[in-house]
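Got your viewer open? Load the model, switch to a cartoon view, and keep the selection box handy.

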Amino acid sequence: MTGRSETQDGGRLGEEWAQDLRMKFQDLMSTRRLDDIRQARGQGESATSYGRASSTSDSTSSNVQSPSKPPSYAYSRNLPLIPTAPDPHDQQSQKTRSLLLALSETPTKYENPGLLDEALQLIPLEQIYQDAEEEAQVFAAEAESMGDGREPAWAYQDCVIRALLKWFRRTFFTWVNNPPCSSCLSPTVAKGMSQPDPTERAYGAMRVEVYKCSNASCTAQYERFPRYSDVWRLLKTRRGRCGEWANCFSMLCRAVGGRVRWVWNSEDHVWTEVYSEHKQRWIHVDSCEESWDNPRLYCEGWGKQISYCIAFSIYGATDVTARYARKHEHYRERNKCPEAVLHHIMQEIKDLRRSNMTKNERLQLEKEDQKEDRELKSYPINAMVRGIANLVPGSSSTQASDPPATSRHASNDRKLPVEQPGRQSGNAEWAAARGENGRRNQQDQSHSEYEHWPR
């Protein structure tokens, strides 16, 4: 009788605990909904119009635009979207479509056979392959030593890209803050922007930074720093900032046989993703930071807030923002176009890039798209799980911050706090001005439209 009574008491305690947890979960969700409603109301008062009035309105009101804005970051809520073509009268959506279509051309330039041949002649392939083989053997030995039949952390092809990344950052390419005077090598001071001359424009320079030599006796006086986008030219100059670094490095990854994505971030940064056959997923690679498989670097390390991260490849375009912004506080407002319109643009670019592929190739890519879509949708779910876990009595902050992985990829990119530093490339003043020095920038920053190349 005593044992039965204890069982019943334990059952009642378990039911009470479950009831308490359910009530806390409901309170959490209600609070989030109220916050979203308050935020939407605040935005609606000062927002510009998106979309036109309903077709059921009379002829007088049909030309009046609605004051409502597109929904806030709906992607984090896993809501199904129906692709919707941008309204011809919605200039902002049309402008976003033109921008993304133009950016989608970038990785197609990496398929030039002559360019790839030239790149291969500049890469010390023997050194790269030797370093990759040694590292692959280390990973294999580590896996074997565990005695549980696990696979190596990275395979040989992954190690090739890792070796290429190390060589590129430490030996091949140079970061430029203020370019030195080409005449006397004295430091220079920024003086503004200038239009590219015909030669600079021919190499893809959309703008030119102008610097003045600090040496008063120097005859050169001014130094021009064209922001080249032509990869041929970058193989010669071998200098720049993140735009030039990511562009050139992505092409070199393609030259050694990698499947490559060029990732554009609307908050003025670009980087690379390389597909790992071993991991069966896309790997984050930032050549400026020599960072490998650390997608949480920007929000949790640099302190950035992110609105759009779009990955472009010869296979199409994908919105990968959820991979890099894992928490609600990491999101910036997405106001370039409605989410359904963005979904339509992504599909439009995919259809364009895959139009000449065989049926089997398209089917294979669609399977990869579906798998990646499940991966991206898992991140906001995991964030919600962490929020709920924080409400469980007796749960530590460490346990709540890292719930059990729900899929193979979920635990592959976790980094300890010490592995999430502020920005390493660029000087401290430049990084601080961009809000990338590891401290959260709470003030709303105005961002200019970057039509082609971020800094």
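Here is a walk through the model, one selection at a time.

**Before you click**

This is a predicted model, where local features need pLDDT of at least 70, side-chain atom pairs count only at pLDDT 80 or more, and totals for chains, interfaces and linings use all residues. Numbering runs from 1 along each chain as its sequence is written, and side-chain values use heavy atoms, with hydrogens and water left out.

**The whole chain**

Start with everything shown. The chain has 14 helices and eleven strands; helices (H or I, at least four residues) and strands (E, at least two) are DSSP runs, numbered from the N terminus. Of its 455 residues, 43% count as buried. Buried here means under 20% relative accessible area, exposed means over 50%, and partly exposed is in between (1.4 Å probe, protein chains only).

The accessible surface comes to about 23900 Å², with 51% of that belonging to carbon and sulfur atoms; the areas come from the Shrake-Rupley method with a 1.4 Å probe, and for residues only the protein chains shown count as cover. Among contacts (heavy atoms within 4.5 Å) with a separation of 6 or more, 68% are between residues 24 or more positions apart.

**Stop 1: the six-stranded sheet**

Select β6 to β11. You should be looking at an open sheet in the order β9-β8-β7-β6-β10-β11, with antiparallel pairing. β9 (291-292) and β11 (316-319) stand at the edges with a single partner strand each, so one side of each has no neighbour in the sheet. Strands count as paired if DSSP finds at least two bridges between them.

Now zoom in on β8, residues 281-286. How many of its residues are buried? Six of the six in β8. On one side, β8 pairs with β7 (residues 269-276) in the antiparallel sense over five bridges, and Glu273 stands opposite His284 there. β8 also pairs with β9, again antiparallel, over two bridges; look for Val285 opposite Trp292.

**Stop 2: turns and odd backbone angles**

Stay here and pick out the turns. A bit of background: most residues other than glycine have a negative phi. The hairpin of β7 and β8 has four residues between the strands, and Gln280 in that turn has a positive phi of about 60 degrees. The hairpin of β8 and β9 also has four residues between its strands, with Glu290 at a positive phi near 55 degrees.

Next, select Asp293, in the loop between β9 and α9 (297-302). Asp293 isn't a glycine, but has a positive phi of about 55 degrees. Is Asp293 buried or exposed? Asp293 counts as buried, at 3% relative accessibility.

Then jump to Arg238, in the loop between α7 (231-237) and β5 (239-240). Arg238 also has a positive phi of about 55 degrees without being a glycine, and is partly exposed at 31% relative accessible area.

**Stop 3: Glu223**

Select Glu223 in strand β4 (residues 222-226). Glu223 is buried yet has no salt bridge, and the nearest side chain of opposite charge, Arg239, is 4.9 Å away. A salt bridge needs a side-chain nitrogen of Lys or Arg within 4 Å of a carboxyl oxygen of Asp or Glu. For charge, Lys and Arg count as positive and Asp and Glu as negative, while His and the chain ends are not counted.

What does the Glu223 side chain have a polar contact with? The side chain of Ser182, at 2.9 Å. A polar contact is a pair of N or O atoms within 3.5 Å; within protein, one must be able to donate a hydrogen and the other to accept it, and residues adjacent in sequence count only if both atoms are side-chain atoms. Beyond four places in sequence, Glu223 touches residues including Pro179, Thr188 and Tyr211.

**Stop 4: Ser93**

Ser93 lies in helix α2 (residues 91-103) and is buried, with a relative accessible area of 0%. Show side chains to find its 2.8 Å polar contact with the side chain of Asp90. Sequence-distant contacts of Ser93 include Lys336, Cys337 and Val341.

**Stop 5: Thr108**

Finish in the loop between α2 and α3 (113-122), at Thr108. Thr108 is partly exposed at 28% relative accessibility. Measure C-alpha to C-alpha from Thr108 to Arg353: the two are 245 residues apart in sequence but 9.2 Å apart in space. A polar side-chain atom of Thr108 also lies 2.4 Å from the backbone oxygen of Glu105.
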